[in-house]
Amino acid sequence: MQTMLKQRVPTTVGKQAQALPRVAPKIGRARNTVVAQAAPATAKVAKPAISRDLVDKCINAIRFLAIDAVNKSKSGHPGMPMGCAPMGYVLWNEVMKYNPKDPYWFNRDRFVLSAGHGSMFQYAMLHLTGYDSVPLEQVKQFRQWDSLTPGHPENFVTPGVEVTTGPLGQGICNAVGLALAEAHLAARFNKPDVKPIVDHYTYCILGDGCMMEGISNEACSLAGHWGLGKLIALYDDNKISIDGHTDISFTEDVAKRYEALGWHVIHVINGNTDIDGLRAAIAQAKAVKDKPTLIKVSTLIGYGSPNKADTHDVHGAPLGPEETAATRKNLGWEYPEFEVPQDVYDVFRAAVKRGDEAENEWKQACEEYKAKYPKEWAEFEALTSCNLPANWAEALPTFKPEDKQLATRQHSQTMINALAPVLPGLVGGSADLAPSNLTLMKISGDFQKGSYAERNVRFGVREHAMGAICNGIALHRSGLIPYCATFYIFTDYMRNAMRMSALSEAGVIYVMTHDSIGLGEDGPTHQPVEHLASFRAMPNMMMMRPAGGNETAGAYKVAVENRKRPTTIALSRQNMPNLPGTSVEGVAKGAYIIRDSEGHPDVILMGTGSELQLCTEAADILEKEGKKVRVVSFPCWELFDEQSAEYKESVLPKAIEARVSVEAGSSFGWAKYIGLKGKHIGIDDFGASAPAPILYEKYGITTPKVVEAAKAVMA
């Protein structure tokens, strides 16, 4: 390795390009840059099949599709696509294995644009290489209503987009999850005497913003620890963020940090024009098998723009007509808006033939594998079909009232270990809390470097990355069912990843224990109060709070069945009974009657989790006083809201206004079920440090208080 100083001076591209004028000098010092060694002899460097002039033309086509689309939209981020276009050309035309006509072919390489604000980069690549999802008309509809080219890449909208990115740092963490899935499946199914059937890379482009976000460091620390050699991240080192040049806040040596994290690090000093350098760097990265690779690619944001390159002005705003014209002249681009020359299409559309050939070769390898390993092939095919095994839910146990009282976190442990043998795709773990979350699968060891086939994942104290990595595992689309766990309070650290699960339709199962003030002495720093309300407000997230063993089984059944919808299961530390009337089937309705009166009820008591018991105890007292009481278990608001009007009326008749809800959490939201006359027994405070029974008494979450509230609403 050698160290040298290099001034970042713009250069020209193409025969007719005029010299770029110097841009405004950057704030602060010159930077030391680490230069990669040449690719080792074992690395295969792709040789260009076309002239350099045509290569430059292809690169400029990427740039101007982005420029024109952002201009037409009057919003967007043109600078990143302009600077990263050479990376796009090399990756999509010379390196990556994919089939534009079969976007979900299993053995494709995965690409993640972690710098999701530069989405036109990805749409340009999908269009140029022949994906049906992004015809030119969709490029022209960038950021418009109902288009397939939204402002940030969305996997559930645009075939060819693997994960949804936008919040910086999430994408690289998703990429770690994708690479984990590949490593896990390869270790489980590949055999030494036949061609591998699981053999693909994960490529990711991330920027300075991703590097600054702490979540990326969490995930990349894990990737280095695990030695995920098929993860290759290209760092767009343009030293610009929205505030301006990154010297004002970000001066660390990223290369040294990633070396310390266990990554192989390469630096391409001139990412603007050094195509051979990019080729050699990627070849070297692929030759390193036991470490993920970070390729630091120093680029000029907005490359080619005479007046806006290397400034934050080109980061998040259109170039505008005058600067676009100047950029066209500067880069020698003589084509009108949205026009792509046929010779450029010819180069990129060769991906269709390459992809078809690669997929057919893989299918042939699968046939050979199937002939030699029929049992393993049947397992592989069953898993990657993403269909659940027949009768899998029969493995879930059920409970009787006389069964031992346990905390629902203990029931959760039972469910995980009941499901592990019948769901071969179940994989997951805890953020350093496995002994408390009770999430280890007894039939498996730990996923580690050298033991990728195992299914218990040790995430360490990295909640945010844990959630985002699980999103990547889910979106690998290979039948894996990821779960992850921590104390419920620490969803605060991973909320954005959980929101991305819901948005991305990633069916992650979030196992959240210590669900209320019932955890006791750890106090308000560890007592989730507003969290149930918070996740109930999140679209496409199912928020479960089961009461007892049957409802915990029901929560897992619902969670496993919903592969496009994440589930958060809030579980208790304290024991609770298996109440009569609770059932697996009832959970699927969201709310259901567990105890009823003859005739018209005088009052409805509804509760969740450990507080459902208070409702039944209050019902005992009220019934002795001659009152007619209905008790409703309410494990999942979202599922109840989705039931028919007739069913909802049968559980909560409009005519019965006397209603009480009981939950050791915020009252926020309960009004829509208890109405104006109803009362909620809960806590709108942060809690306190004391034994759980004392806390319940002090906060008035007790059977006598439920009885008192019921009498008040019946008055």
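## A tour from paired helices to annotated sites

Begin by selecting helix H5 (residues 170-189) together with helix H12 (residues 374-384), which pack at an angle of about 155° with their axes 10 Å apart. Because angles over 145 degrees count as roughly antiparallel, H5 is roughly antiparallel to H12. Bear in mind throughout that this is a predicted model. To see the contact itself, show the side chains of Leu185, Arg188 and Phe189 in H5, which meet Glu376, Glu379, Phe380 and Leu383 in H12. Coloured by class, this contact of H5 with H12 has four nonpolar and three charged residues, and no polar ones.

Next, turn to the largest nonpolar core, which has 80 residues, and in which Trp226, Leu228, Trp263 and Ile469 are those with the most contacts inside it. Keep H5 displayed while doing so, since the largest share of this core, 12 residues, comes from that helix. Centring on tryptophan 226, and leaving aside its neighbours within four places in sequence, you will find contacts that include Val176 and Leu180, as well as Phe447, Tyr452, Phe459 and Ile469. A second, separate core of 69 residues can then be selected, with Ile59, Met80, Ala115 and Leu234 among its members.

Now select helix H3 (residues 119-129), where 11 of its 11 residues are buried, from Ser119 and Met120 to Leu128 and Thr129. Adding the surroundings shows what covers these buried residues, including helix H1 (52-73), helix H2 (79-95), strand S4 (202-207) and helix H11 (342-372). Just after H3, stop at glycine 130, which takes a positive phi of about 100°.

Finally, select the positions at which an unreviewed UniProt entry places the feature "binding site": His77, His315, Arg409, Ser436, His514, Asp522, His526 and Arg573. These positions are spread over 497 residues of sequence and are also spread in space, up to 48.3 Å between C-alpha atoms.

Among them, zoom in on arginine 409, found in helix H13 (residues 408-419); at 17% relative accessibility, arginine 409 counts as buried. Not counting residues up to four places away in sequence, arginine 409 touches Ser436, His514 and Arg573, and also residues including Asn437, Leu438 and Thr513.

From there, move to histidine 514, in the loop between strand S15 (509-513) and helix H17 (531-536), which is buried with a relative accessible area of 5%. With neighbours within four places in sequence left aside, the contacts of histidine 514 include Arg409, Ser436 and Arg573, along with Phe487, Tyr488 and Pro528.

Terms used: Residues numbered from 1 in each chain as written. Predicted model: local features only at pLDDT ≥ 70, side-chain atom pairs only at ≥ 80, totals over all residues. Heavy atoms only, no water. Buried < 20%, exposed > 50% of the residue type's maximum accessible area, 1.4 Å probe, protein only. Helix = DSSP H or I, 4+ residues; strand = E, 2+ residues; numbered from the N terminus. Contact = heavy atoms within 4.5 Å. Core = buried A, V, L, I, M, F, W, Y, C linked by side-chain atoms within 4.5 Å. Axes fitted to C-alpha atoms, helices over the stretch in contact; angles between N-to-C directions. Parallel < 35°, antiparallel > 145°, perpendicular 65-115°, else oblique. Nonpolar A, V, L, I, M, F, W, Y, C, P; charged D, E, K, R; others polar. UniProt positions renumbered as here; feature names shortened; annotations may be inferred.
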